[in-house]
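Colleague: Could you pick one part of this model and take me through it closely? I'd then like to see how that part sits in the rest of the chain.

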Amino acid sequence: MKCKFLSVPVLVVLLFIGFLYYTTVFILIEEWLGLNTSPGLLNAIIFSGFAVASIACYVLAIFKDPGHVPATYEPDIEDSTTPIQEIKRKGGDLRYCQKCSRYKPPRAHHCRVCRRCVLRMDHHCVWINNCVGHANYKVFFVFVMYAVMACIHSLIICGTILVPLSLALSILLGWHVYLISHNKTTIEYHEGVRAMWLAQKVGNIYQHPYDLGVYENLVSVLGPNIFSWVCPTSHHIGSGLRFRTSYDSNSSQAQS
């Protein structure tokens with residue numbers, strides 16, 4: 001008998017389950033919560049439970065016979081326990097499988113892939129390399145349920161980490177866009193707040209000396225080529241021993 005695991009879709013599913021498990025437990029949970037912490041260990045146990053249940057149900061769905069029609073089956077139209085007898089659409093005769101050479105029970109159908117009639121056939125699933133029928137339908141359903149629960153749990157872990165992380169990084173990015181547009185560092189910003197307060201006390205106006213205007217500020221930090229602003233290049237930054245100031249600009253304008 002051909003091994004049902006020797007199927008590309010089945011191997012793809014198994015590889016995906018392994019990838020999802022490794023990514024969730026050993027990357028997301030380990031890196032952000034830590035497997036040695038109570039929240040991390042709890043999430044790893046819960047996800048591992050879903051993963052084990054999913055794999056177990058998946059294997060059962062692969063190998064469990066979906067239900068075959070007994071060779072001795074004969075429809076009895078006078079049987080009171082079977083009030084409904086399915087008939088052919090054309091002719092009205094009882095459903096008979098020409099390929100299997102036997103009658104079909106209600107809801108049974110012939111699978112062209114399995115080459116036999118399957119009881120209460122739902123469909124032939126390439127992802128389990130088997131038919132989904134009367135005997136393995138619940139196993140298939142539970143597998144899908146556990147798979148969805150595992151995916152949702154993994155998504156929740158990713159979401160609870162990525163949403164606040166994205167928000168924090170967005171705030172950080174916005175803050176540094178503000179600093180670059182004013183050609184300030186974080187320290188200079190806090191120093192400038194105090195300098196502005198002291199200047200206002202004596203009736204003066206404080207101006208950050210390195211503020212060259214928005215565009216020149218961006219160029220001084222990101223480079224003269226706008227296309228290089230998204231590249232990690234730094235050949236334009238100079239020695240770092242001297243920086244242009246607004247006084248330099250004013251002096252050059254006065255000389256001209």
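**A close look, starting from one methionine**

Modeller: Met196 is found in helix 4, which covers residues 186–201. Helices here are DSSP runs of H or I with at least four residues, strands are runs of E with at least two, and both are numbered from the N terminus. Before going on, the ground rules: this is a predicted model, where local features need pLDDT of at least 70, side-chain atom pairs count only at pLDDT 80 or more, and totals for chains, interfaces and linings use all residues. Residues are numbered from 1 along each chain as its sequence is written, and side-chain values use heavy atoms, with hydrogens and water left out.

Back to Met196: its relative accessible area is 40%, so it counts as partly exposed. The classes are buried for under 20% relative accessible area, exposed for over 50%, and partly exposed in between, with a 1.4 Å probe and protein chains only. Tyr206 comes 10 residues away from Met196 in sequence, and their C-alpha atoms are 5.2 Å apart.

Another spot with the same sort of story is Val148, found in helix 3 (residues 137–181). Val148 is partly exposed because its relative accessible area is 43%. Its C-alpha atom is separated by 9.2 Å from that of Phe50, although the two residues are 98 apart along the chain.

Now the wider frame. The chain has six helices and six strands, and from the N terminus on they run α-α-β-β-β-β-β-β-α-α-α-α. Of the 256 residues, 28% are buried. Among contacts with a separation of 6 or more, 50% join residues 24 or more positions apart, where a contact means heavy atoms within 4.5 Å. The chain exposes about 17,700 Å², and carbon and sulfur atoms supply 65% of that area. Accessible areas come from the Shrake-Rupley method with a 1.4 Å probe, and for residues only the protein chains shown count as cover.

Helix 1 deserves a walk of its own. It takes in residues 8–33, 26 of them, and spans 35 Å from its first C-alpha to its last, close to the 38 Å expected at 1.5 Å a residue. That expected span is 1.5 Å times one less than the number of residues. A kink of about 30° is centred on Thr24, the bend being the angle between axes fitted to the seven residues ending there and the seven starting there. Thr24 is also one of the buried residues of helix 1, a list that includes Val10, Val13, Ile17, Leu20 and Leu28. Just after helix 1, Gly34 takes a positive phi of about 90°.

Positive phi turns up away from glycine too. Most residues other than glycine have a negative phi. Ser101 goes the other way, with phi near 60°; it sits in the loop between strand 1 (96–97) and strand 2 (102–103). Arg120 has a positive phi of about 40° and lies in the loop between strand 4 (116–118) and strand 5. With a relative accessible area of 28%, Arg120 is classed as partly exposed.

On to charges. Side chains of opposite charge can pair when their charged atoms come close. A search of the whole structure finds two salt bridges, each defined as a side-chain nitrogen of Lys or Arg within 4 Å of a carboxyl oxygen of Asp or Glu. In one, Asp65 and Arg116 meet at 3.1 Å, N to O. This pair links distant parts of the chain, 51 residues apart: Asp65 is in the loop between helix 2 (38–63) and strand 1, and Arg116 is in strand 4. Asp65 is partly exposed at 36% relative accessibility, and Arg116 is partly exposed at 22%.

In the other, the closest N and O atoms of Glu216 and Arg244 are 3.2 Å apart. Glu216 lies in helix 5 (residues 214–222) and Arg244 in the loop between helix 5 and helix 6 (246–255), so this pair ties together parts 28 residues apart in sequence. Glu216 is partly exposed at 30%, as is Arg244 at 44%.

Last stop, the surface. Val8, Val12, Val126 and Trp127 make a nonpolar patch of about 380 Å². Patches are built from residues with over 30% relative accessible area and no salt bridge, joining like charges within 9 Å and nonpolar side chains (Val, Leu, Ile, Met, Phe, Trp, Tyr) within 5 Å. Trp127 lies in the loop between strand 5 (123–125) and strand 6 (130–132), and its 45% relative accessibility makes it partly exposed.
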